[in-house]
Amino acid sequence: MPILCTKLIQAIPPVSRAIGGEVSLVDELTSVEHLLASDPLETLVVVGPDVDLDEALAFTAAQRLARPALGVVLLRDAFEVKVLALAIRAGVREVVPVSDLDLIAEACTRSLELSKATPAGLNLPIQQGVEGKVAVVFATKGGCGKTTTATNLAVALHAGGASRVCLVDLDLAFGDVAISLQLTPARTLVDALAMDGGLDETGVSGLLTRYRPGLDCVLAPVEPGDSEQIPASLITDLILVLRRMFDYVVVDTPPQFNEHVLAVLDEADHHVLLTTPDVPTLKNLRLTLDMLDMLSYPRDRRSIVLNREDPRVGLTVADVESVARTNVTARIPASLAVPASINRGVPITIESPDHAVSVAIKEIATRTIVGAKHEPPASKRGFLGLRRRSG
Ligand SMILES: Nc1ncnc2c1ncn2[C@@H]1O[C@H](COP(=O)(O)OP(=O)(O)OP(=O)(O)O)[C@@H](O)[C@H]1O
Ligand SMILES: [Mg+2]
């Protein structure tokens, strides 16, 4: 929500209305900085006429480098050419008299439009040397609930903005993340193909679609056939860059092993393996586990999650554990509230945070992903390691 910085009580209601919708109100620039730090994707700050000009300009100049997508609109009591020149030099988007509410509204709209055209991720300060954790949600049987689990895990890890999370749709041919979250796939992974010189933070920022402040998505291509153009090496590069930009990266997958999935299984700190309580899916779980063992992925980096658990279907947790030859890490109950939430385009963890399904998913997020160990790739290579050994 846009930030208004002023101590002028009488100016607050009309200016807030001119900005449009709700605003976060603060009375000094240090508080603006704190708010910006907690919301890396905020794109508008309106600075009141009572704020010292030099301080306002210094703040703007610093933000211009740190968060290029942030717009600062400066309000003054009267229009002065000298102030305008200094403001432009500092990077202020517009200087507007505080008395002209129409002009304030127009300036804010223009600034927000400009910010929208600036890739969302350009507002994400890079955490030098800090690497986020990567979790992949996988099953070789279609319809197990991978997309449902991945989207809700991303929401749970985001925790209302406490962490920065990126959800990657690696179901390149039939990705459902955009439709599940009601996002328009204006930018997708296929746009990465144009980045000849390799992926970096700026390039990856241009691929992101924002769901909530601090929760971004890399969406799957829309056109049939686009997925085949994407090399596995691009997925590896993408994950390496996203790790530097986000606290958590959650990857949704297609229901089969392919080179893209193997690339992400290699990079991930944790594998969330889904199953449902039916015989064909359990058979696939067994084959999946055998394959992962064969590829030397460490067993301590995987969780087995029983989704759509329902006592009426006849298969128990014990049955699942005997097929998996290991413990089930977590169980998500079957509930009609899940398809209902998907049909409304709102993840159940947002819509009904206290629902048993939401509670189960939040617990998976905390127990398995937040606590996952991130180790240098060399010690966890599975597929690529095997390929190196065999090649
Ligand atoms: N815990 C649950 N209770 C009830 N229904 C569920 C549950 N989890 C998932 N579903 C439903 O199962 C269906 C498949 O879920 P989802 O699309 O998440 O699976 P998927 O593994 O991503 O499928 P695909 O392999 O096609 O990508 C959806 O209709 C969803 O609403
Ligand atoms: Mg899916």
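With which residue does Arg 110 form a salt bridge? In this predicted model, the partner of Arg 110 is Glu 94, and the closest N and O atoms of the two are 2.7 Å apart. Arg 110 belongs to helix H5, which covers residues 101-117, while Glu 94 belongs to strand E5, which covers residues 94-97. The two positions are 16 residues apart in sequence, so the salt bridge ties together separate parts of the chain. Arg 110 is partly exposed, with a relative accessibility of 43%.

The count of salt bridges in the model is ten. Another of them joins Glu 309 to Arg 331, with a distance of 3.2 Å between the closest N and O atoms. This pair links distant parts of the chain, since Glu 309 is in strand E12 and Arg 331 is in strand E13, 22 residues apart. Glu 309 is partly exposed, at 23% relative accessibility. Arg 331 is also in the partly exposed class, with a value of 44%.

A further salt bridge is formed by the side chains of Arg 299 and Asp 293, with an N to O distance of 2.8 Å. Arg 299 counts as exposed because its relative accessibility is 60%, and the cut-off for that class is over 50%. Asp 293, at 26%, counts as partly exposed. These two residues do not stand alone: Asp 293, Arg 299 and Arg 302 are linked in a network of salt bridges.

The surroundings of ligand 1 were examined next. The ligand is surrounded by 18 residues, and the closest are Lys 146, Thr 147, Thr 148, Asn 307 and Pro 333. By residue class, the shell consists of eight nonpolar, seven polar and three charged residues. Four elements each supply at least two residues of this shell: helix H6 (146-158), strand E12 (302-309), strand E13 (330-333) and helix H13 (337-344). Strands E12 and E13 are also the elements that hold Glu 309 and Arg 331, respectively.

Several polar atoms of the protein lie close to oxygen atoms of the ligand. A polar side-chain atom of Lys 146 is 2.7 Å from an oxygen atom of ligand 1. For Thr 147, a polar side-chain atom lies at 2.8 Å from a ligand oxygen. Gly 143 takes part through its backbone, where a polar atom is 3.0 Å from an oxygen atom of ligand 1. On its own, ligand 1 has 630 Å² of accessible area, and the protein covers 78% of this.

The cysteines were then checked for disulfides. A disulfide is a covalent bond between the sulfur atoms of two cysteines. The count in this model is zero. For Cys 166, the nearest cysteine sulfur is that of Cys 217, at 6.7 Å, and Cys 166 is in no disulfide. Cys 217 is likewise in no disulfide, its nearest cysteine sulfur being that of Cys 166. The distance of 6.7 Å does not meet the cut-off, because a disulfide requires the two sulfur atoms to be within 2.5 Å. Cys 166 is buried, with 0% relative accessibility. Cys 217 is buried as well, with a relative accessible area of 0%.

Two residues were noted for their backbone angles. Most residues other than glycine have a negative phi. Ala 159 has a positive phi, near 45°, and is not a glycine. This residue is placed in the loop between H6 and strand E7 (165-169), and it is partly exposed at 46%. Ser 296, also not a glycine, has a positive phi of about 65°. Its place is the loop between helix H11 (279-294) and E12. With a relative accessible area of 32%, Ser 296 is partly exposed.

Finally, two pairs of positions illustrate separation along the chain and in space. Thr 236, in helix H9 (residues 232-245), is buried, with a relative accessible area of 15%. Its C-alpha atom is separated by 7.0 Å from that of Glu 267, and the two residues are 31 residues apart along the chain. Ala 372 lies in the loop between helix H15 (356-370) and helix H16 (383-390). Its relative accessibility of 8% places Ala 372 in the buried class. Between the C-alpha atoms of Ala 372 and Asp 293 the separation is 19 Å, with their positions 79 residues apart in sequence numbering.

How values were computed:
Residues numbered from 1 in each chain as written. Chains lettered and ligands numbered in written order. Predicted model: local features only at pLDDT ≥ 70, side-chain atom pairs only at ≥ 80, totals over all residues. Heavy atoms only, no water. Buried < 20%, exposed > 50% of the residue type's maximum accessible area, 1.4 Å probe, protein only. Near = heavy atom within 4 Å. Polar contact = N/O pair within 3.5 Å; in protein donor to acceptor, adjacent residues only side chain to side chain. Areas by Shrake-Rupley, 256 points an atom, 1.4 Å probe, with all protein chains shown as cover. Nonpolar A, V, L, I, M, F, W, Y, C, P; charged D, E, K, R; others polar. Salt bridge = Lys/Arg side-chain N within 4 Å of Asp/Glu carboxyl O.
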